[in-house]
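Biologist: Please take a close look at the enclosed empty space in this model. I would like the cavities first, then whatever pockets, rings and charges help to place them.

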Amino acid sequence: MKIRLAIAFILLVLSCGESYGYTKLTDTIFAAQLKPIGRTVIDKQHQLELITSAAHFGFSFKGTECAVYATIAVAGQHNYLQYELDGVYQKRVRIDGGVTAPVIIKADGPGKHRVWIYKATEAHTGAVIISKIAAPGIKSLAIPKLPLIEFIGNSITCGAAADDSEIPCGTGEYHDHHNAYMAYGPRVSRALNANFVLASVSGIGIYRTWNRNGPSMPQVYENTDFQVNNPQKWNFNTYSPKIVSVALGTNDMSKGDGSPRAAFDTLQFVADYVKFVQLVKSKYPKARIALLSSPMIRDTSNTILQHCLISIKKQIDTIYPSDKPVATFFFKPMDAHGCSGHPSVADHQILAEELKPFFEGLLKAD
């Protein structure tokens, strides 16, 4: 009788463990054991909240599959992760609020595998929440000890509106087309063997947004999730970038959505930009500052933006004569192929190839 009961219990455990396509007779790591990079927080439930675009973490496991327990705060809404398996990008994964089933990542065969999980969307779409990961032999991976680049910017830097491979442009939600992994910043960083973080918000500018007077990047940069009314401040001691890249101006120069809008104010733009660079330098005093123009602006507006960036560089170099000079990069104008006039995934590869020699030189500089 005891033997029959023991066998029955084992069969019950195995049947329950296979309900999601994997065995529960395995190992588990919890959120607090993960080692993420990007703006993240451990919440009151001891879960990891991935906040900013491309915030990511890694782990290794043995066997053919692992289970990632991910959710979002609001039932009925959705968000996206994307992942890399054994050094090869795989796909985006939709995360639905209120769904308890884990995301199952399958490998082609047994053995040891490495996974890197990225948030595909930006801070304003809400956090993707990780509670635990289960798989045989699972171990958290540390972020490699590599130079770090922080990319500050707008929707282009987010990788917003870049990916219509699953949901056609003009349909679905705005964040259905986000692909932060394939944005120019992460691509440049991977090509140059550097770490990266994205500090970017769709529609944002230096002194106004694409269709309103604010909030601007200087108003929200210090807030963990870039929301203007959030009292939670980001801890800038979390990491120390070698380079801080700033690509803002597209939305300041935008004509908006047809609502009344004052002409672009070069004096205010330059003055506010200088103050913002000073703010960044106060957080990262050892970082090299790089100012990028916009691939979406052309003709007279492009010339104006370039002149503004040159003026900003001169002022910052004068204020900080002992620091390394500000670097500037001017994109070639681009005919974008993504949604709503944004660069597509393929366009971001072009931008990354343009930028690669520029950042390579900055990383090599003493």
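Modeller: A cavity here is a set of grid points where a 1.4 Å probe fits but cannot get out. The model is predicted, and it holds two cavities of 30 Å³ or more.

The largest cavity has about 60 Å³ of space. Its lining includes Asn154, Ile156, Thr157 and Tyr184, then the run Ala247, Leu248, Gly249 and Thr250, and also Ser293, Ser294, Pro295 and Phe331. By class this lining is evenly split, with six nonpolar and six polar residues and no charged ones.

The second largest cavity has a volume of about 30 Å³. Val68, Leu81, Tyr83, Val93, Val103, Ile105 and Ile117 line it. Strand 6 (78–85) and strand 8 (103–106) are the elements that each give two or more residues to this lining. Here the classes are one-sided: seven nonpolar residues, no polar and no charged.

Strand 8 also takes part in a salt bridge. Lysine 106 and glutamate 65 meet through their side chains, at 2.6 Å from N to O. This pair links distant parts of the chain, since lysine 106 is in strand 8 and glutamate 65 in strand 5 (residues 65–71), 41 residues apart. The two partners differ in exposure: lysine 106 is exposed at 52% relative accessibility, whereas glutamate 65 is buried at 13%.

Two residues of the largest cavity's lining, Tyr184 and Phe331, belong to an aromatic cluster whose other members are Phe151, Phe329, Phe358 and Phe359. Thr250 is another lining residue of that cavity, and it recurs in the largest pocket, where Thr250 lies nearest the centre along with Trp210, Asn251, Ser254 and His342. That pocket holds about 470 Å³, and its lining of 18 residues divides into six nonpolar, 11 polar and one charged.

The second largest pocket has about 270 Å³ of space. It is lined by 20 residues, the closest to its centre being Ala73, Asn79, Thr125, Gly126 and Ala127. Eight of the lining residues are nonpolar, nine polar and three charged.

Rings also pair elsewhere, and a search of the whole structure finds 18 aromatic pairs. In one of them, phenylalanine 236 and tyrosine 284 have ring centres 5.7 Å apart and planes at 70°; the pair is therefore edge-to-face, the cut-off being over 60 degrees. Phenylalanine 236 is in the loop between helix 4 (217–220) and strand 14 (243–247), and tyrosine 284 in the loop between helix 5 (266–283) and strand 15 (288–292), so the contact ties together parts 48 residues apart in sequence. Both are buried, phenylalanine 236 at 9% and tyrosine 284 at 4%. A charge can also sit over a ring: arginine 92 lies over the face of tyrosine 80, 4.2 Å from the ring centre, and lysine 132 over that of tyrosine 69, at 4.7 Å.

Of the eight salt bridges in the structure, one joins lysine 281 and aspartate 323, at 2.9 Å from N to O. Lysine 281 is in helix 5 and aspartate 323 in the loop between helix 6 (299–319) and strand 16 (327–329), so this bridge ties together parts 42 residues apart. Lysine 281 is buried at 7%, while aspartate 323 is partly exposed at 28%. Helix 6 itself contains aspartate 317 and lysine 313, four residues apart, about one turn; they form a salt bridge at 2.8 Å.

Methods
Residues are numbered from 1 along each chain as its sequence is written. This is a predicted model: local features need pLDDT of at least 70, side-chain atom pairs count only at pLDDT 80 or more; totals for chains, interfaces and linings use all residues. Side-chain values use heavy atoms; hydrogens and water are left out. On a 1 Å grid over the protein atoms alone, a cavity is a set of points where a 1.4 Å probe fits but cannot get out, and a pocket is an open set with protein on both sides within 12 Å along at least five of seven lines; lining residues have an atom within 4 Å of a point. Grid points are joined across faces, edges and corners, and a volume is the space filled by probe spheres set on the points. Ala, Val, Leu, Ile, Met, Phe, Trp, Tyr, Cys and Pro count as nonpolar, Asp, Glu, Lys and Arg as charged, and the others, Gly among them, as polar. Rings of Phe, Tyr and Trp (its six-membered ring) pair if their centres lie within 6.5 Å; planes under 30 degrees apart count as stacked, over 60 as edge-to-face and the rest as tilted. Buried means under 20% relative accessible area, exposed over 50%, partly exposed in between (1.4 Å probe, protein chains only). A charge sits over a ring if NZ of Lys or CZ of Arg is within 6 Å of the ring centre and within 35 degrees of the ring normal. A salt bridge is a side-chain nitrogen of Lys or Arg within 4 Å of a carboxyl oxygen of Asp or Glu.
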